[in-house]
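Okay, thanks everyone for coming. Have a look at what's on the screen, and then I'll walk you through some side-chain contacts and one bit of sheet.

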Amino acid sequence: MATDHYIPQSLLRGFADHENGGNLNVLDKISGRVFHPRVEDFGIEDFHTLSANMGEIADDLELPKLETLLNESFESPAAPLLQRVIERSSLEGLTPNERQVIIQFVALQWVRTPGRTFDSRSALARIFGKEEPARSLRVFGTPSKPDQLRDIGLLAIPIDAVGLANVLRRAHLALALAPGCQAVIGDNPVIARSSFELPENGYAAFLVSAPGSDAFLPISPRHILYLHTDVDAVRGSCGSTLLDPLHLSIDALNYLNGLQAKAAVRYAVMPKQGQEAQLKVDISTQPSGNFDFQRCFR
């Protein structure tokens, strides 16, 4: 058995609290308590392992080890680029290919997390007037007791990530800087919002790449990748890259932290101890439409 990480360890290490032993500060939204796991332990046991009977069904196929595939194809190529962005606090110097590697990494974080499946199932339950599922990250069961969609869902992750990245090529890319190095990352780390109002019981599976959408992924407590897709964006086009960083106000950061925690199925990682009180306020007092992040591209 192995602990698989739906948020890469390379990303989580940047949110570890090195002033207090190097572990994570994790808020459990359900219980309200904060616990402090090691980075390597913050994951789901055998989350990326195909079901036990998949080998019998696909006896003639050489199935990939998903954890290895995601690391080699997405995480390892992006890691040095993200580290460079963090060290420079700038996107300056990215080649078009490097830019796309980073966008592909963002796309992977959107499609791979259990929260994406949980959100879609919750939305379907609301639409059909059924009880929503319990807030759990084990959306595909276990290898020995799999959900009926487990293997399809897992094998689709790298395919969906590449497809989404090709669409997101048209998005503008910027780097936002968080005051006080207090950006929070949740278990559903790519948060998206739209300039269009969605129905209360609606769920937009492709909101991250929809025209007029904003998407945010924290890559350190100080640095947040920001993708904006124009309302009139054309698939196949390439968006611009903003070289100068966007400096967030404390109110804008609290807003984004609130979105992170609200979007999380269960857990939000805080870089500093004692942030949970403010984070709970940020979750419950979400202003709508008060922050025009898109103006940095005008």
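Let me start with a question: which residue does Arg116 form a salt bridge with? Before you squint at the screen, remember that this is a predicted model.

Right, the partner is Asp119, and the closest N and O atoms are 3.8 Å apart. Both residues sit in helix H5, three residues apart, so about one helical turn separates them. Arg116 is buried, by the way, with a relative accessible area of 12%. And there's another contact for that arginine: its charged end sits over the ring of Trp110, 3.5 Å from the ring's centre.

Staying with helix H5, look at Arg121. Its side chain meets that of Asp147 in a salt bridge, 3.1 Å from N to O. This one links distant parts of the chain, since Arg121 is in H5 while Asp147 is in the loop between H5 and H6, 26 residues away. Is Arg121 buried or partly exposed? Partly exposed, at 26% relative accessible area, and Asp147 also counts as partly exposed, at 23%.

How many salt bridges are there in total? The count comes to nine. One more that I'd like to show you is Asp41 with Arg38, where the closest N and O atoms are 2.9 Å apart. Asp41 is partly exposed at 40% relative accessibility, and Arg38 is partly exposed at 41%. Glu40 joins in as well: Arg38, Glu40 and Asp41 are linked in a network of salt bridges.

Okay, on to the rings. The structure holds twelve aromatic pairs. Take Phe47 and Phe140, which are stacked, at 6.4 Å centre to centre with 20 degrees between the planes. Phe47 is in the loop between strand E4 and helix H2, and Phe140 is in the loop between helices H5 and H6, so this pair ties together parts that are 93 residues apart in sequence. Both rings belong to buried residues: Phe47 has a relative accessible area of 3%, and Phe140 has 8%.

Here's another stacked pair, Phe216 with Tyr226, at 4.7 Å between centres and 5 degrees between planes. Phe216 comes from strand E8 and Tyr226 from strand E9, ten residues apart. Phe216 and Tyr226 are both buried.

Back to Phe47 and Phe140 for a second, because they belong to one aromatic cluster along with Tyr6, Phe35, Phe42 and Tyr267. Keep Phe35 in mind, since it leads us into the sheet.

So, strand E2, residues 25–28. In a regular strand, side chains alternate between the two faces of the sheet. Here Asn25 and Leu27 point one way, Val26 and Asp28 point the other, and all of them are buried.

Which strands does E2 pair with? One is E11, residues 267–270, antiparallel over four bridges. In that pairing, Asn25 stands opposite Met270. E2 is also joined to E3, residues 34–35, by two bridges, again antiparallel. And here's our friend Phe35, the bridge partner of Val26. In the hairpin of E2 and E3 there are five residues between the strands, and Gly32 takes a positive phi near 80 degrees.

That's my tour. Questions?

Conventions:
Residues numbered from 1 in each chain as written. Predicted model: local features only at pLDDT ≥ 70, side-chain atom pairs only at ≥ 80, totals over all residues. Heavy atoms only, no water. Buried < 20%, exposed > 50% of the residue type's maximum accessible area, 1.4 Å probe, protein only. Pairing = 2+ DSSP bridges. Phe/Tyr/Trp six-rings, centres within 6.5 Å; stacked < 30°, edge-to-face > 60°. Lys NZ or Arg CZ within 6 Å of the ring centre and 35° of its normal. Salt bridge = Lys/Arg side-chain N within 4 Å of Asp/Glu carboxyl O.
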